[in-house]
Amino acid sequence: MIRFFPYLREQIDSGKNREEIYRILDSVTDSRKFILFPNAEFVGKVFPFQFTIYHRCSNFSKNSFFPVLAGTIIERKEGTVIDIVLQVNMAGRIFIALWSGGLFCFFLAGLLAVFTDGTKGMLLVLAPIGMIAFGQMLMRFGFYGPARKALKRLRDLIC
């Protein structure tokens with residue numbers, strides 16, 4: 001199933017207990033909301049049972065589609081499981097929704113033009129489809145690379 005917005009779900013098994021994982025994540029996370037130059041690797045909120053963070057990478061300021069990691073820390077007999085969901089940040093989702101919605105209106109106008117004038121409206125049909133596809137590729141390239149990098153770093157920290 002293809003989703004409109006990129007989405008990853010991951011489970012990380014750790015031999016550490018919940019308190020150790022909380023301390024590790026809290027030590028590498030800056031909780032200040034509006035900070036231009038954070039000193040920590042991650043920015044967000046970390047609580048004893050859950051967290052919502054994003055990875056501060058070198059190209060963060062240039063990437064509008066960076067992933068937000070929302071996780072739940074679950075302690076079990078055999079170890080701790082961290083259930084993580086990665087999604088595009090809210091600003092990126094709003095931008096792509098508005099972008100695609102506007103282009104879809106042009107697509108519908110193009111279909112109307114094709115049905116009334118024949119092939120004259122074909123550009124209004126094809127151009128929006130190409131631009132929507134371009135927006136999807138841009139969003140996916142901006143999301144999956146940093147998402148894999150953030151997951152790898154998270155695994156290195158808590159495993």
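# A viewer tour: sheet, helices and salt bridges

Select Glu-19 and Arg-23 to begin: both sit in helix α1, 4 residues apart, which is about one turn of the helix. Keep in mind that you're looking at a predicted model. Show the side chains of Glu-19 and Arg-23 and you'll find them meeting in a salt bridge, 3.8 Å from N to O. Glu-19 comes out as partly exposed, with a relative accessible area of 34%.

**Stop 1: the rest of α1**

Stay on this helix and go to its start. A side-chain oxygen of Asn-17 comes to within 3.2 Å of the backbone nitrogen of Glu-19. Next, select Arg-18, Ile-21, Tyr-22, Ile-24 and Leu-25, which are buried residues of α1. Turn the view to look down the axis of α1: the buried residues fall within an arc of 165°, so they line one face of the helix.

Is Arg-18 buried or exposed? Arg-18 is buried, at 17% relative accessible area, because the cut-off for buried is under 20%. Now add Glu-75 to the selection: the side chains of Glu-75 and Arg-18 meet in a salt bridge, 4.0 Å from N to O. This pair links distant parts of the chain, with Glu-75 in strand β5 (residues 67–76), Arg-18 in helix α1 (residues 18–27), and their positions 57 residues apart in sequence. Glu-75 itself is partly exposed, with a relative accessible area of 45%.

**Stop 2: Thr-80**

Glu-75 also turns up among the residues touched by Thr-80, so click on Thr-80 next. Thr-80 is found in strand β6 and is buried, with a relative accessible area of 2%. Its side chain reaches the backbone oxygen of Lys-16 at 2.6 Å. Leaving out residues up to four places away in sequence, Thr-80 touches Ile-12, Asp-13, Ser-14, Lys-16, Asn-17, Arg-18, Ile-21, Ile-73, Ile-74 and Glu-75. You've already met several names on that list, including Asn-17, Arg-18 and Ile-21.

**Stop 3: the whole sheet**

Zoom out and colour the strands. There are 6 of them in an open sheet with mixed pairing, in the order β1-β6-β5-β4-β3-β2. β1 and β2 are the edge strands, each pairing on one side only.

Start at the β1 edge. β1 and strand β6 (residues 79–88) pair in the antiparallel sense over 8 bridges. To see one such bridge, select Leu-8, whose partner in β6 is Leu-86. Then bring in α3: this helix packs on the sheet, touching β1, β3, β4, β5 and β6, and its direction makes about 10° with that of β1.

**Stop 4: β2, β3 and β4**

Move across to the other edge. Strand β2 (residues 29–30) pairs with β3 in the parallel sense over 2 bridges. Pick Asp-30 here, and you'll see Val-43 in β3 standing opposite.

How do β3 and β4 pair, parallel or antiparallel? β3 and strand β4 (residues 50–55) run antiparallel, with 5 bridges. The two form a hairpin, and 3 residues lie between them. For a bridge to look at, take Val-46 with its partner Phe-51 in β4. Switch on a surface if you like: 4 of the 5 residues of strand β3 (residues 42–46) are buried, so the strand is largely enclosed by the rest of the structure.

**Stop 5: a link between β1 and α3**

The structure holds 6 salt bridges. One of them joins Glu-10 and Arg-155, where the closest N and O atoms are 2.5 Å apart. Here again distant parts of the chain are linked: Glu-10 belongs to strand β1 (residues 7–14), Arg-155 to helix α3 (residues 122–158), and the two are 145 residues apart. Are these two buried or partly exposed? Glu-10 is partly exposed, at 25% relative accessible area, and Arg-155 counts as partly exposed too, at 32%.

**Stop 6: Phe-106**

Finish in helix α2 (residues 90–117), where Phe-106 lies. Which residues does Phe-106 contact beyond its neighbours within four places in sequence? Select Leu-124 and Pro-128: Phe-106 is in contact with both. Put a distance label between the C-alpha atoms of Phe-106 and Pro-128, and the model gives 6.5 Å, for residues that are 22 apart in sequence.

Conventions. Residues numbered from 1 in each chain as written. Predicted model: local features only at pLDDT ≥ 70, side-chain atom pairs only at ≥ 80, totals over all residues. Heavy atoms only, no water. Buried < 20%, exposed > 50% of the residue type's maximum accessible area, 1.4 Å probe, protein only. Pairing = 2+ DSSP bridges. Contact = heavy atoms within 4.5 Å. Axes fitted to C-alpha atoms, helices over the stretch in contact; angles between N-to-C directions. Polar contact = N/O pair within 3.5 Å; in protein donor to acceptor, adjacent residues only side chain to side chain. Arc of directions from axis to C-beta.
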